[in-house]
Amino acid sequence: MARKQSTRRTVAITILAWFIGLLMFFPILWTAVAAFKSESDAYTLPQNMLSTPWTLENFGIVQERSDYFRYVFNTVIIAVLSTLLGLLFAVPAAWSMAFAPRTTPSSTISGWGWLAIVFSCGLIAAGVLYANGWHPQNAVVGFLLLLLCIVPPTAWVWTRATTDTLLWMLSTKMMPPAGALIAIYLMFNRNGLIFKDWGWINLSEYNLIDSFWGMVPLAMLLNLPIIIWMLYTYFKEIPVEILEAARMDGASLWNEIVRVLTPMALPGIASTCLLNLILAWNEAFWSLNLTNKYAAPLSFFISEYSSPEGQFWAKLSAASLMAIVPILIVGWFSQKQLVRGLTFGAVK
Amino acid sequence: MGTIQLKKVRKAFGETVVIPGADLDIKHGEFIVFVGPSGCGKSTLLRMIAGLEDITAGEILIDGKDMTDTAPAKRGLSMVFQSYALYPHMSVRNNIAFGLKMAGETPEQIAPKIAKAAATLNLTEYLDRKPGQLSGGQRQRVAIGRAIVRNPSGFLFDEPLSNLDAALRVNMRIFIMQLHQDLGSTMVYVTHDQVEAMTMADRIVVLNRGVIEQVGTPMELYNKPQSIFVAGFIGSPKMNFVEGNTIGVRPEHIAISDKKGDWPGTVKITEHLGSDTFLHVDAGKRGQITVRATGESNYGPGDKIWMTPDAKRLHHFDAQGRVTKV
């Protein structure tokens, strides 16, 4: 009897799992099907899924209207460069935090002391602005006021113990990105905070809006906390004695990181890269707000088909499919690479 | 050359003082063992000699030169780690060659050195394997190979045998002693195992809470411990302390009789080792006393016996645990 009951149970759980799985997969399935239907048929999905004819016309139209490969190129540039740039910062950062952590704060100033410093520096900056009209016409003054607001909190973070620094990094991901949108928009924009005619120097010819110079560092900074955290976790698993052995063997810091640490952490670095690549590939919020043509990635490409002047569900689906396929393929193949991994045998 | 001198070497992590100030003179070709309970600072002291740990104050001289702030690799010392610390992604050959490559040697210079080290260590057939494919003893030998191939003036061993099983440990112990005889280099060896210390060392450095309690040959430490700590740490089973810890006597220096003697007691537990028998005796107000008897001893639990310590081999200590002259 018990066995029968457990079989029934298994069947019930299997059905439930499939139901939930399909429910979660449904949007993707719907998109994948709609991409291959005509516009009119796409509205009536899914009940006519099999009765209506399949077509490839959406892909042709999408490619014709907007140059798909240019968006792919832009996305690859932003995703790949931001990942590489991120590694350049994250590997040394994670290395130092994992292998030479600071256990106690390096400053003797108390938390309240720091709060007073940060607060009074902000007050001074506000006071200067208030006395001279709220808009600094001089780039140097503006820059100095900005420093006055940025340096004390940075110095405070600088003196924290490693665990605090890590938490602080993570905390930067806690704020909704929209919270910083206006500030970053003004920093990127022509005639914003930085790129404008300051009188003695005219920076209005330059701006970061819709440029790789803006988007690559932005994408890198967005994901940097995550890369550092991931690498930190992977590095923590590497016995510090192996690095010390390399030091005894005369390896320079460069050789220690490149020839000993990196090969050992390769599976971790690879999966970190992959995650960062996917995050940068799919990033939409900043791309939609800060790009419109030259540096526009695939997320912008998709959004072109969700316009208010008409309904293009089939084309939107086709565009979405085209946007996710490359990263899907990359993910699929590198996943197999990652699973293979490396077998550690250095330590007992 | 391979002399190592420590002059008032001090180590503190923030407020915590690990080593208040250590002075030590290691002669060329000596086998020195640092021994002490865990947390006594013996590994820290070794790592400071290696250069892996900064020194808060004092100086370290290697071959007469001040190396206090010299990078680890520039000190002419090799180190064997407790966990072997092999490079898992490199073959045995490359593990051994890594230090030579870092020193800028050419493949032609490196190859014969590796062949020689591999032959010494019986590793020739394993040179193309990865560390993960080796047994514990083989990994340990690779770690030693990595150390000897650089031809250092001194070797540092940080509890190198503690990850091996008992039988292998005895073999490796003899192997390292043989290596010391063959190479004639200075070796500094850290262990918490006093048997390893006694059997291997030319001189033993006993550490307790970061302080060097005593330095001496194994027999000096055994016969003339300067403090109650050293007396209790060296020798197995450990020395008996009676009369409020002012008198110490080793189990092997007590004669037993069932008729008369100085201290009466009741046998509680007997341990037969074949060659010897250790009796754990309840001596009333004197506490528990361990006595060595012959292997054929027939005393069993509950037997009343009399114990007579050898008056010439009594150790007297003052209230601070230092030895007093009698």
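Helices, of at least four residues, and strands, of at least two, are DSSP runs numbered from the N terminus.

**Figure 1. Overall view of chain B in the predicted model.** Chain B contains 8 helices and 18 strands. Its C-alpha trace spans about 75 × 45 × 30 Å along the principal axes. Of the 326 residues in this chain, 42% are buried. Among the contacts in chain B with a separation of 6 or more, 63% join residues that are 24 or more positions apart.

**Figure 2. The two assigned domains of chain B.** The domain assignment places residues 4–223 of chain B in domain 1 and residues 240–310 in domain 2. Taken over C-alpha atoms, the centres of these two domains of chain B are separated by 40 Å.

**Figure 3. The contact between chain B and chain A.** Chain B contributes 25 residues to this contact, and chain A contributes 22 residues. On the side of chain B that touches chain A, strand S6 (77–80) and helix H2 (92–102) of chain B each supply at least two residues. Which element gives the most to this side of chain B? It is H2(B), with 3 residues. Sorted by class, the side of chain B that touches chain A has 15 nonpolar, 9 polar and 1 charged residues.

**Figure 4. An open sheet of 4 strands in chain B.** The strands of this sheet follow the order S2-S1-S4-S5 in chain B, and their pairing is antiparallel. Strand S2 (16–26) and strand S5 (65–66) of chain B each have a single partner strand, so they stand at the edges and one side of each is left without a neighbour in the sheet. Strand S1 (residues 4–13) of chain B pairs with S2(B) in the antiparallel sense over 7 bridges. Within this pairing, Ala12(B) stands opposite Val17(B) in S2(B).

**Figure 5. Backbone detail at Lys8(B) in strand S1 of chain B.** Although Lys8(B) is not a glycine, it has a positive phi of about 50°. Is Lys8(B) buried or exposed? A residue counts as exposed if 12 or fewer other C-beta atoms lie within 10 Å of its own. Lys8(B) has 12 C-beta neighbours inside 10 Å and therefore counts as exposed.

**Figure 6. Backbone detail at Asn122(B) in a loop of chain B.** The loop that holds Asn122(B) runs between helix H3 (107–120) and helix H4 (136–148) of chain B. Asn122(B) has a positive phi of about 55°, although it is not a glycine. With 13 C-beta neighbours inside 10 Å, Asn122(B) counts as partly exposed.

**Figure 7. The cis peptide bond between Ser236(B) and Pro237(B).** The omega angle of this bond is about -5°. Pro237(B) is placed in the loop between helix H8 (228–233) and strand S11 (240–242) of chain B.

**Figure 8. Confidence of the prediction in chain A.** The average pLDDT of chain A is 84, and 93% of the residues score at least 70. Where in chain A is confidence lowest, and where is it highest? Confidence is lowest in helix H2 (residues 39–43) of chain A, at a mean of 79, and highest in helix H4 (residues 68–99) of chain A, at 92. Over residues 340–348 of chain A the pLDDT is below 50. Beyond near neighbours in sequence, this stretch of chain A has 25 contacts in the model. Where pLDDT is low, the predicted coordinates should not be read in detail.

How values were computed
Residues numbered from 1 in each chain as written. Chains lettered and ligands numbered in written order. Predicted model: local features only at pLDDT ≥ 70, side-chain atom pairs only at ≥ 80, totals over all residues. Buried ≥ 20, exposed ≤ 12 C-beta atoms within 10 Å, placed from the backbone. Contact = placed C-beta atoms within 7 Å. Domains from an automatic or database assignment. Nonpolar A, V, L, I, M, F, W, Y, C, P; charged D, E, K, R; others polar. Pairing = 2+ DSSP bridges. pLDDT = per-residue confidence, 0-100.
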